[in-house]
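Subject: Structure handover

Hi,

Here is the structure I promised to pass on. Please have a look at it first, and then read my notes below.

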Amino acid sequence: MIPVNQPLLEARELEYVTDCIRSGWISSAGSYLERFEQQWANYCGREFGIAVSNGTSALQAAVASLGLETGDEIILPSFTIISCAAAILHSGARPVLVDCDPETWCMDTNEVEARIGARTRAIMPVHIYGHPVDMDPLLALAAKHGLQIVEDAAEAHGAEYFTRRADESAQWKRCGGLGDLSTFSFYANKLITTGEGGMVLTDDPERAAFLRSYRDLVASKGRRFEHHELGYNLRMTNLQAALGLAQTERFEDIVARKRRMGARYTERLSEIGGLRLPTQRSWARNIYWMYGIVLEDPDFPDAEQLGARLHDQHGVETRPFFLGMHEQPVLKGRGLFRDERYPATEWISRRGLYLPSGLALTDAQIDDVCVAVRAALR
Ligand SMILES: *Cc1c(COP(=O)(O)O)cnc(C)c1O
């Protein structure tokens with residue numbers, strides 16, 4: 001079986017984790033945490049990093065830091081992971097959806113302005129499968145309407161965006177350094193992995209202080225164990241940070257490898273007609289977190305059937321694309337998104353799946369996967 005994801009852990013991870021074990025620094029106190037936070041924030045062009053237990057809790061903490069009131073609204077794509085909508089709902093705010101662009105699979109920025117209303121407070125762009133969202137239109141809308149931007153960069157470590165905004169010199173910037181604050185996941189299938197883990201990045205010292213307190217039970221500055229607000233324990237351990245730091249130190253190699261893998265898939269799969277492959281806009285540098293394909297040809301099976309054939313007949317593991325937020329039973333059950341339709345999201349959620357993409361995947365395995373896709377489509 002070719003697994004959909006196999007992480008690549010190397011000697012430095014072992015060395016740093018061994019150091020934690022030998023020294024006894026295994027909890028959320030320990031020097032790897034600060035080093036990982038600083039280096040990752042620095043790589044993304046941000047001032048502060050606040051490491052947390054996973055990408056979902058990073059979103060929860062980020063949304064909590066917006067200071068919203070019940071009924072305030074955040075605009076996000078329907079095509080994303082439930083963590084985004086959950087973070088918004090847990091804060092008492094309301095998720096408001098837009099469809100995705102059928103080529104980049106990221107939120108359609110042309111649809112955002114029409115969804116801005118009196119209660120809109122923020123926009124949550126999600127860089128999908130390694131391709132950046134077109135951020136400039138969102139930054140312009142945020143400035144015009146006084147909105148905050150929470151970037152979910154969980155799938156876009158090292159992806160880059162060319163900002164053409166007039167108030168800055170045109171330049172390439174890294175995802176996670178584009179909005180007011182950003183979140184990352186370091187789950188086992190992400191470009192940097194700490195097993196489970198996440199981080200929030202910001203340039204604002206007050207927000208950073210809020211986030212550090214929020215992840216740590218909102219401890220008071222005075223007496224230990226005296227609390228003035230209820231919080232959460234969302235801390236990351238030093239062991240996890242040791243893994244993250246080791247990968248951050250060789251991150252350029254990781255990104256280069258992912259780009260080569262993406263290029264190889266594209267070269268092999270473009271010989272098969274009727275597939276939509278990941279794109280790379282002129283203003284984007286894709287890192288191909290997961291190599292997705294959409295079965296455009298109506299004669300092809302749907303993604304579920306193709307996934308079953310690849311698994312059963314060819315030993316290739318895949319995953320279906322996300323299911324749109326407007327089609328999620330748990331959200332519809334709360335009366336959300338009634339009668340809303342997002343055709344691009346609905347199409348790719350039924351016709352899209354992603355192929356094995358882990359860092360341990362070999363060139364020969366990529367070639368085998370492409371042969372299997374061709375055979376399974378017949
Ligand atoms: C993986 C992911 C998350 C959640 O991260 P976890 O660490 O699994 O909680 C959030 N947003 C996006 C876009 C993701 O891909």
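How do the residues of the shell around the ligand divide into nonpolar, polar and charged? They come out as five nonpolar, six polar and three charged, where Ala, Val, Leu, Ile, Met, Phe, Trp, Tyr, Cys and Pro count as nonpolar, Asp, Glu, Lys and Arg as charged, and the others, Gly among them, as polar.

Before the rest, some housekeeping. This is a predicted model, in which local features need pLDDT of at least 70 and side-chain atom pairs pLDDT 80 or more, while totals for chains, interfaces and linings use all residues. Residues are numbered from 1 along each chain as its sequence is written, and side-chain values use heavy atoms, with hydrogens and water left out.

Back to the ligand. It is surrounded by 14 residues (a residue counts if one of its heavy atoms lies within 4 Å), and Thr56, Asp152, Glu155, Ser185 and Lys190 are the closest. Helix H3 (residues 55–64) gives the largest share of the shell, three residues; helices are DSSP runs of H or I with at least four residues, strands runs of E with at least two, numbered from the N terminus. Oxygen atoms of the ligand lie 2.5 Å from a side-chain N or O atom of Glu155, 2.6 Å from a polar side-chain atom of Thr56 and 3.0 Å from one of Lys190. The protein buries 91% of the 380 Å² that the ligand exposes when taken alone (Shrake-Rupley method, 1.4 Å probe).

Now the salt bridges, each a side-chain nitrogen of Lys or Arg within 4 Å of a carboxyl oxygen of Asp or Glu. The structure holds 27 of them. In one, Arg212 pairs with Glu37, with the closest N and O atoms 3.4 Å apart. That pair links distant parts of the chain, 175 residues apart: Arg212 sits in helix H6 (residues 205–214) and Glu37 in helix H2 (residues 31–43). Glu37 is buried at 5% relative accessible area, whereas Arg212 is partly exposed at 31% (buried is under 20%, exposed over 50%, partly exposed in between, with a 1.4 Å probe and protein chains only).

Asp101 and Arg281 also meet in a salt bridge, at 3.9 Å from N to O. These two are 180 residues apart, and both lie in loops. Finally, Arg264, Glu267, Arg268, Asp363 and Asp367 are linked in a network of salt bridges.

Happy browsing, and best wishes!

Definitions and conventions:
A polar contact is a pair of N or O atoms within 3.5 Å; within protein, one must be able to donate a hydrogen and the other to accept it, and residues adjacent in sequence count only if both atoms are side-chain atoms.
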